[in-house]
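Q: Could you take me on a close look at one part of this structure? I'm new to this, so please explain the terms as you go.

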Amino acid sequence: MPTTARPVIAIVGGGPRGVSLLERIGANLPRGAALDVHLIDDTQIGAGRIWRTDQPRELCMNTLADAVTLFTDDAASIAGPIRPGPTLYEWCQLVRHGAHGGADAVVSRIPEAHVAAFARVPVRPGLADEYSAELRAQRPESHPSRALYGEYIAWCLAHAKATLPAGVRVHEHLARVVGARRHDGRDILDLGDREIAADAVVAATGWLERTVTAEERRILGAVDAHPSLIWVRPDSPADQSLDRVPDRAEAIVRGLGMGFFDAMALLSVGRGGRFADDAGAPGGLRYEPSGREPLLHVTSRRGVPFRAKTLYGSLPPRAPQHHLRAVDWTAVPRPIDFDGRVWPLILRDAFADYHTTLARVKPEAVDLRAALDAIRSAPLEATGAATRERIAVLADAVSPFVADPDDRLDLAAAILPGEGATWASPAEYASWVERFVLDDLAEAERGLDSPLKAALWSIASARGVVSRIGAFGGFDAESRAAGFRALMTVGGMVGSGPPAFRSRQLLALMRAGIVRFIGPGAAVTSADGAFHASSPAVSGSGVSAPVLVDAWMHAHDVAETADPLVRSLAADGRVRPFEAPSRASGGVATGGFDIEPATGRLVHADGTVDPSFHVAGIPIDETMHDAIISPMPRTDPTMLRETDRVARSLIAAAAASDHGSTT
C-alpha cells in the first residue's frame, strides 16, 4: 500500500463525542501540522445513532436546550485552548434569525464569541424551514427533539472541520469497524470491505451491543416455540422495532424511565392519536385515540414512572450542597467508603435545601436556624448504611422545629415511593399511581418554590460531584454496590425524568385506558403462547399479552459485549475490565473498560498500557463515571475534559509513530 509521511488518527464513532474529539484535535494541534483523520460511523456521521436526524420528531431530549453545548468555555479545566461557541438554544435562535429574521432581542444577548463561531459555518440548506415550528417554540428550558440536536451536532462537525489547520484532511466512512489488529506498529481497522491503518485510534462508540442474557435466551426460546409472540428487545427507542407491535394489541412493557416515555409517544401520537387541552382532565390533557393504539400494561422495579422535570421557567438552579462540597475530597485517602463518608452528607444537603426553601416560601413553618443546626449535628454515621434509618434520624432531629406535620419532609416516601406497600386491586393501584403523578406535577409546577423538588434536585445534582470523587476507583466495591448505586438509581428517578408534558400525557393515556399499571416488581414469564406478568404487591394484577416491550437499554459490560471491534481487541489481550478496590479482596471487576486515566489508552489484560488505542465515553461510565451526561455550559463538564485529554494523547501517539498514512 502506498504511504506518505503524514500521521493518521482514526475516530470510531461519529456522534457528539466523536465530533468533540475532532474539534479538540484541531484545537490542540500545533500550527502547520499535517494529519489525516478518519471519522467512522455506521449510522450517521455528525449525529451518530442515538441522535440521528431521520428519527421521529416525537422523540425529544430530556435535557434542556440551553443546557447543552459541544464547545469549551472559560469554566473548563482543560489543558487545551478554549474555543467558545453557541449552546443548542443559542444555535437554534441564530438559525431562526438568519433564515427568517426576528428574535433580535434574544440574539442580542448571545455572547459575541458564540455569534462569531456561528457565523463561520453556514447551516445546511433547508434546515430552518424543516424545523421552523420547533425553532419558533424554542425556549432555554425547552426539550428539543432528538433530531434537532442531531442537526446541531452535524453543524458542530462542519464547524470543527472548517476550523482545522490547513494541513489536516478528514476522511469520512459510513461503515462499521468489525475488528482491529496490530501490524508493524500500527492499528489496522477492518471495515468489512476495506482496511484503514492508523497511528492512533479512539473508540467513541456510545452504547455497545451486549450479548444475550440468560433471561433473554428464555424469551427467545418462547418466541421460537410460538412465532405469534413478539418481543421488542432493549435498545434506543428510535432503533426498537415498535412497528412490529400490532394495532390494538395488548403489550406488557417493562421500564418506566425515559425509554418508556419514548415508546409511549411512538405508540400513541406516533399511531395517529392526539392530545387536546382539557381543563377538567387530570393533568389538563385529554387523549383522542386513532384506534390503532396498543394497550400497554406497564411495570418496573418500583412500579412508578420517573418524576417529571421541575418547571423553573429557566435553567435549573445550582444546588448548594454545602455539606458535600465542604470536604476537600482530594485530601481524603482512596478508596473512600461512600456509605460512611459521602451518603450522609448528601442526605444532610437534601434536608437543608428542603427546609431553606420552606423557610423562604412559608417563613412561619420552620425555625430555620435550629433546623439547620439539627441537620448538621444529627448522628448519621452511627446508623450504618441503611438509607431509611439515616433519613429517620434526620427527620426526628428536625421535626421539633417544624410545627405542622404536613410541612415535614418525608424523604423516604419521595425517593422510595410505595416501597413495602400492598394494594388490594389493580384499580386501587391505578388510583395511587395517578395521585403520585399528579402530586409530582403539582410540585414541578411550583418550580423554585417547591421544598420537595429542592430536596430531590439536591440529591440528583450530587451525582456530578460524586462522580468526580469516585472516578477511577475513588469508591470501594462495597460502596459501589450499596450507597453509590442507590444514589445513581434514585438520582436518575428524581432528576433525569421526562419533561412535565410527558407526565401529563401519561395521565391522559391512563384515563383513556391505553396505559395500565401492573404494579412494582412484576416478573414476566411465558407459557401457553403468551407472556404473563403480575406484581406481588397488587392483588389480581396478573395480565397476559402476545407482546413484550423492554423499554430500556442494557448497561455496558466489557466482558459481555457483542461488539465485534471490542471482541477482537479482547481476543488479542488488549482489553480488560476495570476493577474497583474491595475491602474483602484485591478488586471486583466492573462492566467498564480499564483505561489509563490521563490519556484514555486501553490497559491490556497483562496490565500494560496500549501505545495507541483509546476508549472514550459511555463504555467507560463504570470506570470514570458521569460519561453519559451531555456537556452543560459553565459546568466544566466531564465529557469535554475527557475529549480534550484524549485528543492530546491521540496527537502525541500519532506523532510518536514511525509510520506514515495509507491511502
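A: What follows is a walk around one pocket, its helices and one of its residues, with a short look at a cavity at the end.

This is a predicted model, in which local features need pLDDT of at least 70 and side-chain atom pairs count only at pLDDT 80 or more, while totals for chains, interfaces and linings use all residues. Residues are numbered from 1 along each chain as its sequence is written, and side-chain values use heavy atoms, with hydrogens and water left out.

Let's start with the space itself. The second largest pocket has a volume of about 550 Å³. A pocket is an open set of points on a 1 Å grid over the protein atoms alone, with protein on both sides within 12 Å along at least five of seven lines; its lining residues have an atom within 4 Å of a point. Here the lining is made of 22 residues, and Asp410, Ala414, Asp439, Glu443 and Leu452 are the ones nearest the centre. Sorted by class, the lining has 12 nonpolar residues, 1 polar and 9 charged. (Ala, Val, Leu, Ile, Met, Phe, Trp, Tyr, Cys and Pro count as nonpolar, Asp, Glu, Lys and Arg as charged, and the others as polar.)

Now for the walls. Helices α11 (338-361), α14 (411-415), α15 and α16 (451-470) each give at least two residues to this lining; a helix here is a DSSP run of H or I with at least four residues. α15 supplies the largest share, 7 residues.

Follow α11 for a moment. Helix α11 has 24 residues and reaches 33 Å from its first C-alpha to its last, close to the 34 Å expected at 1.5 Å a residue. α11 is also mostly covered, as 19 of its 24 residues are buried. At the N-terminal end of α11, Asp337 acts as a cap, with a side-chain oxygen 3.2 Å from the backbone nitrogen of Asp339.

Back to α15, where you can find Glu443 in a helix that spans residues 426-446. Glu443, as we saw, is among the lining residues nearest the centre of the pocket. Glu443 counts as buried because its relative accessible area is 18%, and buried means under 20% with a 1.4 Å probe and protein chains only. The side chain of Glu443 joins that of Ser450 in a polar contact of 2.5 Å; such a contact is a pair of N or O atoms within 3.5 Å, one able to donate a hydrogen and the other to accept it. Setting aside residues up to four places away in sequence, Glu443 touches Ser450, Leu452 and Lys453, where touching means heavy atoms within 4.5 Å. Leu452 also belongs to the group nearest the pocket's centre.

Finally, a closed space to set beside the open one. The structure holds 5 cavities of 30 Å³ or more, a cavity being a set of points where a 1.4 Å probe fits but cannot get out. The largest cavity has a volume of about 60 Å³, with volume taken as the space filled by probe spheres set on the points. Its lining includes Leu208, Glu209, Arg210, His556 and Phe593. By class, the lining of this cavity has 5 nonpolar, 3 polar and 4 charged residues.

Note on methods. Buried means under 20% relative accessible area, exposed over 50%, partly exposed in between (1.4 Å probe, protein chains only). The expected span of a helix is 1.5 Å times one less than its number of residues.
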